[in-house]
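Me: Could you take a close look at one part of this model for me, the place where the chains meet? Please add whatever else helps me to set it in context.

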Amino acid sequence: MSTLGFVMLCHTALHRAAQVARHWAERDCPVVIHVDKSVGRERYDEFRKDLADLENVRFCKRHRCEWGTWSLVEASQTASEMILREFPGVRHVYLASGSCLPLRPVDDLRAYLSARPNTDFIESVTIRDVDWTVGGLNEERFQFRFPFSWKRNRHFFDRYVELQRKVGFRRRIPEGIVPHLGSQWWCLTRQTLSAILEDPRRRELERYFKLVWIPDESYYQTLARNYARNIESRSLTLSKFDFQGKPHVFYDDHLHLLRRSDCFIARKIWPKATRLYATFLSADHTGERMAEPAPGKIDRVFSKALERRTRGRSGLYMHSRFPNEGWENGRTAAPYSMFHGFNDLFDDFEGWLSRRLGTTVHGNLFAPQKARFAGGGDVYAGCLSADPKLRDYNPEAFLKNLIWNTRGERQVFMFGPQDTQQHGAFMANDANAQISVITGAWAVRLFSANRNFADIRAEAARLQRREAKFIETLRERGARADIRIWTLAEFIEDPMENLQGILDAMEGAPLQRLTEAPRMRDLRGFPQFLQSLKNQGMNPFVVGDFPQEGYGPPMQTGDGSRPYLVQ
Amino acid sequence: MKAARRYALRLERRKYLVRAWRKSRSLLPVADRTDAIRPKDILCFCTLRNERVRLKYFLSYYRDRGVSHFFFVDNDSDDGTREYLAQQPDCSVWTTDASYKRARFGMDWINRLLRLYGHGHWCLTVDPDEFLVYPFSDTRPIPALTDWLGASSIKSFGTMLLDMYPKGAITAQPYAEGQNPFEIACWFDSGNYTIERNWTYGNLWIQGGPRARAFFKDLPARAPALNKIPLVKWHRSYAYASSTHMLLPRGLNLVYDEWGGEKTSGVLLHAKFLDIFTEKAAEELERRQHYAASAEYRAYHDGLNENPDFWTRWSEKYINWRQLEILGLMSKGNWA
C-alpha cells in the first residue's frame, strides 16, 4: 500500500497534468485532482476520461479558483480531505500543481519520506524576521482586509489598502495564531494535515484567513506550526519566483540544470516543453544517487536574471535599457582617464604614457578634425567611427560606446580646449572618470606655433574661454569624477610628482616609481610670450603665476632629450 | 502628460485607423486562409514587392520558430512573389497596385489587416529581410516567449534592427534561394549606436551602424531609425504610427527600462545587404516610393556605385543570440 499521495490543483494544460497524474498513479501513488471550475465542462470530462482507467485517481468537488484568494485554499482542503478519507494508507500528502513535473523517480521521494516519517516539509517563516514578499504587504497582509480581487479590481484593491493604512486599521489576529508565510507547495504528514482540517476552531480560523492576502501562502504555513511535531521549513518543490512574484518557468534547455538540482519536483514547466516531459516521465528515468535536493545552481541562474532585470549592466545603453539620469548604476562601464593639456606641454605624451601604463593611449578623441584613436585608424572597437560629424552628433554616446566596447581595457585619452566640449558635464558627473587638467597648457602650443600674433591672440582668447567653462563644470557641486586641476605654473613646479600622483590613483597601473620623464617642450622665451599676450590686452590667467625672470625649466637640459631621473 | 496631449494622441491613433480602412480598399484578396487561424496562433504580417528569392528562407525561418499564419500584402510584384505565396498553405495574401508611399510605406495596409485579424493574437510585423532573434531563440520557439510575456503582463516586445553585411563588396557572393542569408552577410557593428528619447511617443530613437557610418557621415540626423517593436499582443484599437518604430497608444513603446534595469529584448537581423540589393536600390530609387524622398536609397545608390565594403577589422562575426546578449545588443532581462 502506498504511503505517499498527491493532491493536484489544475487549471490549464490539462493534458500535461494528466500525464503527470498518470505517472504517479501508475507508480502506486494515489492522486486526488482538483480542477478549477472555470475549466469548461467539455474539457473537464475529457480530462477525466483520460484518466478513467486509473482506479487510484480521484476527482474532488470543484471550486472556482482565483489567484491570491481563499478559493485556492478551499480547493486544497477539499482535495486533502478526500485523499485522507479514501486512501487510509497515505502517510504523506504532497500538494502539487498541474504544471509540476517530478524530476526524480517516485521511489526516491518515497524512500526519502519513509526515512523521515514524522517530518512535515513546509516552508514556514515568520513575517517578523524575513521579508517574504516583494514590495510591501508583508505584515499588512495579516492585518488588513482584502475583499477586492487584485487581478480584476486592482484599483479598488489599492485604494482599500491605502484607506486602511490611513485610518490605521488592524484586524484582530485569532488567539494562538502566529502568522507564518511560505511557498504554497507543501508535503505534510497525515497527522499534521488532519489536525489542521479537523481543528475544532476551523470555522473561526477560516473566517480570519478568508480575508488575508494570498492565504494559500499562509494558511497551512501558519497552522502547521501549531500541530507539527517536526517541521522542515522548506518546500520539496523547486519553485522560483521573479521580482513580480510570478513563478519562473522551465523550458527544454533547463534539462541539465534540473537534473543536477536533485530536487524531487519542479514547478512550473512550460506545457510545450516536450523534451522535459519526455525525459522525466519516461519509465527508464532513474535517479543517480540518493542525494539531498540542491537547488543552489538554479537559484544562481534566477538571481542573476533578477539582477539583470532590476540593476542591469553598468554603462550599457540599448533599446531595452535607457536609464533616466541618476539611475544608471554607473554612467559608463569602466574607469577611464582623460588628460587635459598634457600633450600641449609634453612632446609625445601619448607615447610616453602608453609605455608607462602598458596600454593603448588615444590622442585627442574629440579633436575637431577627427577622433584620434590610438593607431590612427578611421574606426575603433565596436566599429566606432572617427568621423567628427558622426561623433559630434552625440558625443556622450560616443564616449559611452567607447568605454562599453573596450570593457576590460582601461581607456586613456587626451583632451584640450580646442576639442568638442559637449560631453564635459557628463564626464564630470561620472564616477568612472579620472580627469587631470593642466590649465593654460594650450599657451605652450600657441607659443611654438608659426602664426601671426593677432591670430594667436584671438585663438588664445577663444581657448581660454572654453577652458574656463570646462573648469567651471568640473568644479560644480556634485561632480563625481576623480578630478585634479593644476595651472601650468603649478604643474611645472614638480611635474614628476604630479604625474606620479595621477598614475597612483589609476587602478591597475604599474606601481613602480616613474623613472623616465616625458619630454617637456622647450619653454625658453615662454614668459615673454605670455607678457606679449598681456600687453595686447589678453590676460592668460589660467596659466597661473608664471615666473617672469630667469625662468629655466628645472627638469630641462640643453637638448631636452636626456631622461630625468628621480633619486 | 497633459490631458490635451493625451487627447491629441488619441485622435492621431483614430486617424491612423480610419486611414487604414480607407487605404485598405485597394487591397484585393489573392488567397484568404484566415479560417484556419486558431485562438492562440502567432501571426506574421508583411508587406513586400518583388522578394521572390527571399521567401523560401523567410517562411521556413519563422515556421520553425512557431509562427502559425502569415499575412502578406503584395505591392504589385512581377517576379512571381504573389503566385508563390498564394500556394503556401499557411499564407493569406492580398495584392494592390496602389502607392506604397501613400499608404504610409505600407503601414496603412498592415494596420488594417492587424485590426481585422490580429486582435487577441501575438502579431509579428516584419519585412522579408528581417529575422527575429530573441533570448533562447535557439532552444525556445516564439510561443515560449509570448507565453512568458503574457504571464508578465507585457504587451509589446522591443528589438533593434541590426544591419548585417558581408565581408567584401556586397555583390561578391550571390545569394541563392533558400539559403540562410547570414551565411553571406554575417558581420555587424557592435557598438556605434546612438539613442535618444522621443518624448512625444515615449519610444527610443536609435541610429547608427554600418549605414550611418558609410552613407550618412554628413547628415547623421538622417540616418535610418533602428528601433523596432515588431511583436505585439494586438488589440483592435492599436495602430503602428511610423513603420514598426512606434505604436499608439504610447504605453506600448515603453519596451525599455528607465530605472537602470534591463527589459527582455531581441534583435531583428537585417539581411538587406546581399547582392540582390543593388538591383533593388536602383529600382526603388526610380520608383521614389520610400521614406524621405528615398534619400536612403539615393545614398545607397551613390555609395554602392563606389563598390562599398562595410567590413572593418572591428566588425563582429555573428555567432548566436548569446553573443548579441554579451555585446549588449539585446537582453535576457529576467527571462531565464
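What follows is a walk through that part, and then a few features elsewhere.

Reply: Sure, with some bookkeeping up front. This is a predicted model, where local features need pLDDT of at least 70 and side-chain atom pairs count only at pLDDT 80 or more, while totals for chains, interfaces and linings use all residues. Residues are numbered from 1 along each chain as its sequence is written, chains are lettered from A and ligands numbered from 1 in the order in which they are written, and side-chain values use heavy atoms, with hydrogens and water left out.

On to the interface. The size of an interface is often given as the accessible area lost when the parts come together. Here chain B and chain A bury about 4400 Å² between them, with 54% of it on carbon and sulfur atoms (buried area is the accessible area, 1.4 Å probe, that two parts lose on being put together, summed over both). As for who supplies it, E262(B), W314(B) and N334(B) give 17% of the area that chain B buries against chain A, more than any other three residues. Counted by residue, 60 from chain B are in contact with 48 from chain A, contact meaning heavy atoms within 4.5 Å.

There are also 34 residue pairs in polar contact between chain B and chain A, both partners at pLDDT 80 or more. (A polar contact is a pair of N or O atoms within 3.5 Å; within protein, one must be able to donate a hydrogen and the other to accept it, and residues adjacent in sequence count only if both atoms are side-chain atoms.) On chain B's side of the contact, at least two residues each come from α5 (142-151), β7 (156-163), β9 (193-197), β10 (204-208), α6 (209-215) and α9 (321-326); helices (H or I, at least four residues) and strands (E, at least two) are DSSP runs, numbered from the N terminus. That side of chain B divides into 27 nonpolar, 19 polar and 14 charged residues, where Ala, Val, Leu, Ile, Met, Phe, Trp, Tyr, Cys and Pro count as nonpolar, Asp, Glu, Lys and Arg as charged, and the others, Gly among them, as polar.

Now for the charges. Side chains of opposite charge can pair when their charged atoms come close. Seven salt bridges run between chain B and chain A, each a side-chain nitrogen of Lys or Arg within 4 Å of a carboxyl oxygen of Asp or Glu. For one pair to zoom in on, take R140(B) and D253(A), which form a salt bridge with their closest N and O atoms 2.7 Å apart.

N405(A) is worth a stop too. This residue lies in helix α16 (residues 395-405) of chain A. Leaving out residues up to four places away in sequence, N405(A) touches A381(A), G382(A) and G191(B). Its side chain reaches the backbone oxygen of A381(A) at 3.0 Å.

For context, the structure holds 48 salt bridges over all chains. One is R152(A) with E66(A), at 2.6 Å from N to O. R152(A) sits in the loop between α5 (140-143) and α6 (154-167) of chain A and E66(A) in the loop between β3 (57-59) and α3 (71-86) of chain A, so this pair ties together parts 86 residues apart in sequence.

Last, some backbone oddities. Most residues other than glycine have a negative phi, and most peptide bonds are trans. C383(A), however, has a positive phi, near 60°, and is placed in the loop between β15 (379-380) and β16 (384-385) of chain A. A cis peptide bond joins R267(A) and K268(A), with omega about 0°. In chain B, the bond from L248(B) to P249(B) is cis, omega near 0°.
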